[in-house]
Amino acid sequence: MTIALWKNARLVTLSSSTGWGIVDDGAMLTERGMIRWVGALGDLPQDQRVDEAHDLGGAVVTPGLVDCHTHLVYAGARAAEFELRLQGASYEAIARAGGGIRSTVAATRAASGERLYLLALDRLNALQAEGVTTIEIKSGYGLTERDEAKCLRVARRLARERPVTVRTTYLAAHALPPEFEHRDDAYIDAVCEWLTGLHVERLVDAVDAFCERIGFSLAQTQRVFDRAKSLGLPVKLHAEQLSDMGGTALAARYDALSCDHLEYANDDAVRAMAERGTVAVLLPGAYYFLRETKLPPVQALRDAGVPIAIATDHNPGTSPTLSPLLIMNMACTLFRLTPEEALRGMTMNGARALGLHDRGVLAPGMRADFVAWDVEHPNELAYWFGRRACRQVVVAGHAVRS
Ligand code: NIG
Ligand code: FE
């Protein structure tokens, strides 16, 4: 098996619980897609066998970025809705009037799997050009068994055809489709039934729901979670985004991998997450784009020791961005995360929000997913915005060609 040496890097290992873990004049050995050794080049044993060597040109090198919350597979844009909101209409009012998520559902149902694949591929390539090596992709714009399956198959196909890890999340409990108007409990029955079939087809890695006034109630969310648990699938939740519904505490009782958004999360919610080891996924893109003013309880999360992840939440309604670096910048400017917290949020804690423990730090035994950046210090990753700072992306020990 080939042993590769990657040298001439300023490594940002994140390998201890605090601090960047910088190794200057750093080097890594990789073999079979894994990191074997990390350290200063001068400490590499003299007799170490090396089959190929790569010069990283003095770049800052971090773990590959993990975008742990996206809705990547859909058709149609929502720029007209954006204009309505700029004129004063609220996201909630537009949703209640049948727009919002439902308009993306109509466009997504009308699109073929091939068309959805090409649209999502383009978005994935843009994210990867900015360092993403692992991505979560939710369904939730099909809302029929056939259309949810269509979208989840697109996500699986992306993983087969691009060098990236994809984790799929079933989010049929995202909005009530028009054919179930006033029959939301019957819709939840259907959501649970479809899940069983999709799970047999191995299309689902986790299960999510939108627990909100314009989404589903606590009791309905609980029914979806019960079905997920009976199939052995982990859960996560869109929780307390627009109001305090108590979804976070419910999800924590189901040992959720993560609760996401959390602007309205209260102290009980924070405590529940801390007790069950649930990751808080903050989504500054949606906060920014909806011009929200209620901040998530960042200091309470820190004080309670809840791991904080951040993600793009890429979707056409609340976060139409393809820039993880912009999201890191927003996490700092809007939510007051430190640049180090932002990087941890988009690497190790993002991985944790997906239940992945083999990535997100540069250390022996971890996957060889890493990114070389055109900056001098990792704090610049959250500092520049709109700058193309990514020099090279490496996935499982192989340089990615875009
Ligand atoms: O994460 N809040 C629910 N889901 C998405 C938005 C979906 C949409 O508006 O299309 C979110 O913000
Ligand atoms: Fe979302």
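Modeller: A disulfide is counted where two cysteine sulfur atoms lie within 2.5 Å. The model discussed here is predicted.

Biologist: How many disulfides does a search of the whole structure find?

Modeller: The search of the whole structure returns 0 disulfides.

Biologist: Why does C390 form no such bond?

Modeller: In general, a disulfide is a covalent bond joining the sulfur atoms of two cysteines. For C390, the closest cysteine sulfur belongs to C332 and is 18 Å away, so the distance is too far for a bond. C390 is also buried, its relative accessible area being 19%.

Biologist: And how far is the sulfur of C211 from the closest cysteine sulfur?

Modeller: That distance is 9.7 Å, to the sulfur of C259, and again it is too far for a bond. C211 counts as buried, with a relative accessibility of 1%.

Biologist: Let us turn to charge. Where is R85 found, and is its side chain paired or unpaired in a salt bridge?

Modeller: A salt bridge requires a side-chain nitrogen of Lys or Arg within 4 Å of a carboxyl oxygen of Asp or Glu. R85 is found in helix α1, which spans residues 79-86. R85 is buried but has no salt bridge; E81, the nearest side chain of opposite charge, is 4.4 Å away. Beyond four places in sequence, R85 touches S90, Y91, I94, F289, L290 and G317.

Biologist: Which residues are the closest to ligand 1?

Modeller: Of the 15 residues that surround ligand 1, the closest are R78, Y91, Y141, Q241 and T318.

Biologist: Which polar side-chain atoms should one inspect there?

Modeller: A polar side-chain atom of D313 is 2.9 Å from an oxygen atom of ligand 1. For H238, a side-chain N or O atom lies 3.1 Å from a ligand 1 oxygen, and for H71 the corresponding distance is 3.4 Å.

Notes:
Residues numbered from 1 in each chain as written. Chains lettered and ligands numbered in written order. Predicted model: local features only at pLDDT ≥ 70, side-chain atom pairs only at ≥ 80, totals over all residues. Heavy atoms only, no water. Buried < 20%, exposed > 50% of the residue type's maximum accessible area, 1.4 Å probe, protein only. Helix = DSSP H or I, 4+ residues; strand = E, 2+ residues; numbered from the N terminus. Lys, Arg positive; Asp, Glu negative; His and termini not counted. Contact = heavy atoms within 4.5 Å. Near = heavy atom within 4 Å. Polar contact = N/O pair within 3.5 Å; in protein donor to acceptor, adjacent residues only side chain to side chain.
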